[in-house]
Amino acid sequence: MILSNSKLPKLRPGDVLPELTRHLNQEKINLYAEAVGDFNPIHVDEKFAAQTAFGGTVAHGMLILAYVSEMMTQVFKESWFSTGKLSIRFKAPARSKDTVTVSGKVDSVKVENDNLNFVCSVGCHNQKRETVVTGKAMVKVRLANQGVPANVTR
Amino acid sequence: MPPEMESKVDNRLPKKYEELEVGYEFPPVGYKLTPAIVSKFEEAVEARSSATNIVPPLAIVAYTMKVASQLIDIPLGSIHASQEVEFFKPVTIGSCINCHTKVIEKVSRTKLNILVIGLSTFDQDGELVLSARTTLILPC
C-alpha cells in the first residue's frame, strides 16, 4: 500500500489528536463549490445569503467534514481510508470569514482480533469557540503496525 | 457536478420529497475519479496528507452526495443535519465507481420534513468502498 502505517503514534485513551486549523473565506468556499459541483446560493451567492437567517454565506458542511477527515488521515494514515467511520452532527454553520479548528481526543482503545480499535471524540469550533460540528470517529489499526500501548483494554 | 461527471448522470427530473417511498433505491450512477477531479478536491480542502494515488475518501462522499442531490429534489433552505460515513477500502485515482442511493426514512412534521438517505459506493470490481447515511431537514 502506498501510504504506510508504520509511523502511527502510540495513542492512549485521553490523548489529544493534533489540531487542524483552517481560515475560511469566500474564495475557498467557491473553490469547494466548483470542486464538488454544489452551487447552492447559501454557499456562493452573498446577496442571496445576506437575506437568509444566516445573514451571509456559509461553508458547505461537507467541507468542514473534509477537514475532520484530514485530521484523522494525518493521525491514522492508511487505516483511516480502509476502516474509518465518522458519525457527525452539524450544530452551527461555519461562516465565510471564520477560522475553524478541528480537534479530537481518544476516548477508548481496545484490542479486538488483530486490531486496535480506536474511538475518538471529534469536533470543530470557530474562533468564538462555538461548536460547528461534533461527533465520533472510529478506526481500526492492525496490531502489526502499532503494538499495544500501555493502559489499553485487551 | 464537475463537468467530467455530468454525462453519466440520469437526466430525469429529481423526485420531490412527497414522491419518495421509503426503501426505494434509485438506479446506480457511475463516474470516474479522474486525476483532475481529485486534484481539484484536494486543492479545495487544503489536503496536506494525501497518499499518492489514493482518493481522499471525503471526495467520494461529496460526489456521491452530489449524485443523490440530482436524483432527489432538495429545496433551498434545506439543512444538512447529520452525516455518518464508513470507509471500507482505499480507492485509487482513475477508479470508476458506482453510487447507489436509497431512501431510508421519511418523517413529516408541520413545518419541515426529515429525509434520511443511504448512500453506498462500489468500485469497478463491485467491492463496497464506502457507505453513508445523510440526514436532511427540508422545508415544507
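Student: Which side chains meet in a salt bridge, and how do I read one?

Tutor: Look for a side-chain nitrogen of Lys or Arg within 4 Å of a carboxyl oxygen of Asp or Glu. In this predicted model, Lys28(A) and Glu46(B) form such a pair, with 3.3 Å from N to O. The rule finds one salt bridge across the interface of chain A and chain B.

Student: Which parts of chain A supply the side that touches chain B?

Tutor: At least two residues each come from α1 (26–36), α4, α5 (78–83) and β2 (85–90) of chain A. The most come from α4(A), which gives nine residues.

Student: How many residues does the contact take from each chain?

Tutor: Chain A brings 35 residues and chain B brings 34. The area buried between them is about 3100 Å², and carbon and sulfur atoms give 64% of that area. Eight residue pairs are in polar contact between the two chains, counting pairs with both residues at pLDDT 80 or more.

Student: What is in the largest nonpolar core?

Tutor: A core of this kind is a set of buried residues such as Ala, Leu or Phe, joined through side-chain atoms within 4.5 Å. Here the largest has 79 residues, and Phe41(B) is one of those with the most contacts inside it, along with Ile64(A), Met72(A), Phe76(A) and Phe118(A). Helix α4 (residues 61–76) of chain A gives the most to this core, eleven residues.

Student: Which residues is Phe41(B) in contact with?

Tutor: Leaving aside neighbours within four places in sequence, the partners of Phe41(B) include Tyr32(A), Ala35(A), Val36(A) and Ala66(A) from chain A, and Pro56(B) and Leu58(B) from chain B.

Note on methods. Residues are numbered from 1 along each chain as its sequence is written. Chains are lettered from A and ligands numbered from 1 in the order in which they are written. This is a predicted model: local features need pLDDT of at least 70, side-chain atom pairs count only at pLDDT 80 or more; totals for chains, interfaces and linings use all residues. Side-chain values use heavy atoms; hydrogens and water are left out. Buried means under 20% relative accessible area, exposed over 50%, partly exposed in between (1.4 Å probe, protein chains only). Helices (H or I, at least four residues) and strands (E, at least two) are DSSP runs, numbered from the N terminus. Contact means heavy atoms within 4.5 Å. Buried area is the accessible area (1.4 Å probe) that two parts lose on being put together, summed over both. A polar contact is a pair of N or O atoms within 3.5 Å; within protein, one must be able to donate a hydrogen and the other to accept it, and residues adjacent in sequence count only if both atoms are side-chain atoms.
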